[in-house]
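Visitor: I am new to this structure and would like a close look at a single part of it. Could you take me through that part slowly, and then show me what lies around it?

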Amino acid sequence: MPAKRTVGAAISAGLAAFLLSAAFSAGWGAADSATPADGETWWSPGGGREFPPSLSYADERGIITTLNLKGPTDTRGHPFFSPLGTNGRACISCHQPADGMSLSARDIQARWQATNGKDPVFAAIDGSNCPSLPQDQRASHSLLLERGTFRVARPWPPVDADGKKIVPQFDIDVVRDPTGCNTSAVYGLHGKNPAVSVFRRPRPATNLKYLTAVGFVFEPKNGFPLPIDPESGQRMSGNLLADSRAGTLKLQLLDAMRTHLETEGNLDPEQIQRILDFEAQLYTAQSVDYVGGKLDDGGAHGGPETLALSKPGVLKSSKDIQWVEYSPWAAPATASPVSATTNTASAPTTPAGSDAQRLFRESVARGAAIFRERTFLISDSSGLNSMNFGNPTRDSCNFCHNMTRTGMDVAPGQVDLGTTNEPFADSAPDLPLFKLTCHAGETPHPFLGAVIYTHDPGFALTTGRCVDIGKITMQSMRGLAARAPYFSNGSARTLRDVIEFYNRRYNIALTEQEKQDLTNLMSVL
Amino acid sequence: MTIRRGFGTMSVRGTVLFSLAAALCYAADPPAPKPVSFIACPVYRDTNQGRKSGCWVADDHESGARYDIGGGRAKPQIGHEVLVEGVVANSPDVCGGTVLAPVYTAVLETRCPAVMLPPENYPGRAFQVSAKSVLPPMDVERPLPPPPYESQQWVIQFNFQSDFLLYQYSEVILDTAARYIKASGAKRILVTGYAATKDMHVSGRTLSEPSALAKTRAASVAEALRRLGVDPRLMHVSWRKDPEPIASNDGLEEPSKRRVTIRAEM
């Protein structure tokens with residue numbers, strides 16, 4: 001029984017289907033775009049469906065579209081769509097086109113309901129809070145169902161790219177272990193294969209040229225030139241995975257196969273290449289907003305086509321400003337800001353040219369300008385304030401989210417925003433809490449000292465360094481409306497929550513209008 | 001032999017010509033400004049002239065003077081004491097302190113109150129970075145330096161008690177050196193790290209760098225060169241303590257001891 005799209009608590013599957021059909025009948029869909037006629041959204045491994053050149057789904061704010069540049073793709077026997085491991089999962093399990101090639105908590109919950117928790121996405125290894133828990137109970141999968149997070153077990157101590165053990169600069173104690181996995185005799189820190197279990201959102205398997213792009217040779221946060229992949233001879237961007245444990249898409253793929261798919265043995269080179277090739281031809285972005293209309297209308301260049309055509313790794317500049325795609329929607333200079341309608345399901349198909357549409361578009365353009373120009377004091381963020389910018393330093397969102405088109409960091413984006421480290425992290429009694437104690441003589445965390453409490457040590461689980469505790473690699477800002485919740489630990493349930501976190505964290509003092517404008521901007525990326 | 005320090009290059013002959021010209025312009029050289037050094041708790045003044053625009057000021061307890069210390073390669077951090085080494089400059093006071101330029105500021109481990117001030121009518125200054133301090137993107141075609149090639153030396157300075165390769169400074173020198181080494185086919189690359197292990201007395205305290213820092217500085221530079229394509233088999237990495245200061249044009253000798261030299265031999 002395929003899962004049906006349910007667009008938020010207030011929207012039924014029927015309404016979602018209506019919204020999508022209304023949008024397409026209004027001419028909002030791409031000419032060759034396809035959408036499942038029966039509202040089926042979930043792609044099961046081995047389902048055999050054809051992946052068309054363009055695939056669109058209704059989401060909370062409009063329509064998400066994925067372009068498959070060399071499509072259509074016959075998925076029968078294709079390794080991206082085939083269960084290659086022992087748990088029945090394929091890549092597609094956690095990279096669903098309806099969810100911007102990631103996975104939303106909403107669709108995870110729908111899948112639980114549709115399959116009574118039997119879908120491979122709930123596999124014990126990482127789709128449950130811990131494999132040792134009773135797998136038939138919903139509570140055992142609460143972190144996946146509520147936060148959209150999968151268990152990631154990192155070996156401790158960490159190993160480097162050559163498999164050698166790294167001598168860490170800190171000790172880890174488990175303070176709180178609601179999942180039981182970190183204190184488990186089998187899976188825990190003191191088990192046969194010592195590991196730290198953290199819980200993270202899956203990242204979108206799309207727009208990948210932007211993740212691997214290298215704009216500049218040097219990584220300013222550690223001062224060194226970026227390392228070179230010995231296999232390809234190319235520099236590695238450092239922008240893959242929350243803790244940057246894999247430097248290339250191939251290494252990421254092999255890591256995912258071993259851990260998430262539980263494959264036995266190695267994939268053959270042809271299978272690896274087919275997956276890499278398929279991923280490389282996907283571009284995903286929001287294409288329609290229910291209030292704002294088509295996102296490439298009115299002079300704007302939103303939607304996935306711009307992503308497919310643009311050069312990756314470009315640093316924003318006065319010539320190529322961030323989110324220039326939406327500059328044509330700016331209000332005339334003489335107009336004063338008027339509160340725009342926040343996109344909600346209650347205003348599904350706003351007529352083209354209406355005041356509501358115009359106001360929404362102006363709000364998006366204002367949000368882009370705030371993103372670029374509204375400066376605030378950035379403080380106590382390891383990776384930023386720990387290099388020579390000083391603490392604090394005044395800058396805007398654009399400071400870190402500086403790559404055009406996706407808002408990623410042209411330099412690798414490992415920064416401790418405080419999403420996982422106390423005291424800045426939101427309360428999270430459902431997540432494990434670790435106490436990390438930096439060894440005497442080692443350089444402590446620059447702002448949190450030698451003893452740090454964290455839900456996820458992040459990049460430090462890869463490097464073993466105190467300065468990296470809580471650093472999480474920035475991710476693409478595209479397709480956000482289709483893949484809530486946000487941040488690596490799913491701590492922001494909505495886009496508005498993301499804005500509120502930043503506003504609280506850096507004391508930005510955003511006005512209600514500014515919050516709404518930024519939320520609207522993020523909803524159309 | 002040409003010595004390159006940072007971005008400037010000056011031969012002996014050039015120095016003589018420059019000095020003669022200077023003598024013709026001035027009947028008597030003005031007295032060289034006296035370097036100042038002190039330890040203080042830095043204060044951030046939130047003058048908002050856009051991105052990266054805030055002021056940093058700090059008081060020298062011995063003289064009672066308040067200095068503008070924000071012009072260095074590395075900015076301070078509130079809540080941490082800072083070692084300040086600078087020269088008084090004849091620049092307008094826009095931050096609420098006498099301007100030090102050049103100035104070196106190094107964040108110390110010792111804590112102090114985290115203090116921020118409002119602008120208080122001080123305008124501050126907009127952030128500026130020299131184009132010479134920034135590497136172009138990777139996709140910008142750049143020809144390698146043309147012949148003739150001769151032995152060259154480059155100097156990279158470090159913050160006090162740090163082996164961190166400073167952004168918008170070190171990478172340009174490293175890139176320049178690596179490209180010259182590759183273009184020239186240099187036979188031998190000497191990478192020598194230094195640490196200022198001799199005691200330095202500042203603000204009633206005795207400071208020095210650990211000798212191990214000389215090794216880690218050299219290792220950092222060698223690793224950076226390796227990642228830039230310099231053959232590690234050509235590199236001879238060594239380290240020394242208690243170096244002599246190098247002649248410099250910024251009037252500050254002590255910071256010049258915290259360095260790594262890269263010498264390419266033909």
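Guide: What follows begins with a pair of helices in chain A and then moves outward to chain B.

This is a predicted model, in which local features need pLDDT of at least 70 and side-chain atom pairs count only at pLDDT 80 or more, while totals for chains, interfaces and linings use all residues. Residues are numbered from 1 along each chain as its sequence is written, and chains are lettered from A and ligands numbered from 1 in the order in which they are written.

The part to look at is where helix 10 of chain A, residues 355-373, meets helix 13 of chain A, residues 512-523, with axes that come within 7 Å and cross at roughly 100°. Helix 10 of chain A is therefore roughly perpendicular to helix 13 of chain A, a word used for angles of 65 to 115 degrees. Helices here are DSSP runs of H or I with at least four residues, and strands are runs of E with at least two, numbered from the N terminus. The axes are lines fitted to C-alpha atoms over the stretch in contact, with angles running from 0 to 180 degrees between N-to-C directions.

On the side of helix 10 of chain A, the residues that meet helix 13 include A:Val364, A:Ala368 and A:Phe371, and among their partners in helix 13 of chain A are A:Asp517, A:Leu518 and A:Leu521; contact means that C-beta atoms, placed from the backbone, lie within 7 Å. The residues of this helix contact divide into 7 nonpolar, 4 polar and 3 charged, where Ala, Val, Leu, Ile, Met, Phe, Trp, Tyr, Cys and Pro count as nonpolar, Asp, Glu, Lys and Arg as charged, and the others, Gly among them, as polar.

Several of these residues return in the largest nonpolar core, which has 95 residues, and A:Val364, A:Ala368, A:Phe371, A:Leu521 and A:Met522 are among those that touch the most other members. Such a core is a set of buried Ala, Val, Leu, Ile, Met, Phe, Trp, Tyr and Cys residues joined through C-beta atoms within 7 Å, and buried means that 20 or more other C-beta atoms lie within 10 Å of a residue's own, whereas 12 or fewer makes it exposed and anything in between partly exposed. Helix 10 of chain A gives the largest share of this core, 7 residues. Leaving aside residues up to four places away in sequence, A:Met522 touches A:Met477, A:Leu480 and A:Leu495. Apart from this core lies another of 59 residues, including A:Leu417, B:Ala74, B:Leu228 and B:Val230.

Turning to the two chains, their contact takes 26 residues from chain A and 28 residues from chain B. On the side of chain A that touches chain B, strand 9 (224-225) and strand 13 (393-395) each supply at least two residues, and strand 13 of chain A gives the most, with 3 residues. That side of chain A has 15 nonpolar, 9 polar and 2 charged residues.

Chain B itself has 3 helices and 15 strands, and buried residues make up 34% of its 266 residues. Within strand 9 of chain B, residues 115-117, lies B:Leu117, which counts as partly exposed because it has 16 C-beta neighbours inside 10 Å. B:Leu117 and B:Tyr44 are 73 residues apart in sequence, yet 6.1 Å apart in space, C-alpha to C-alpha.

How values were computed: Parallel < 35°, antiparallel > 145°, perpendicular 65-115°, else oblique.
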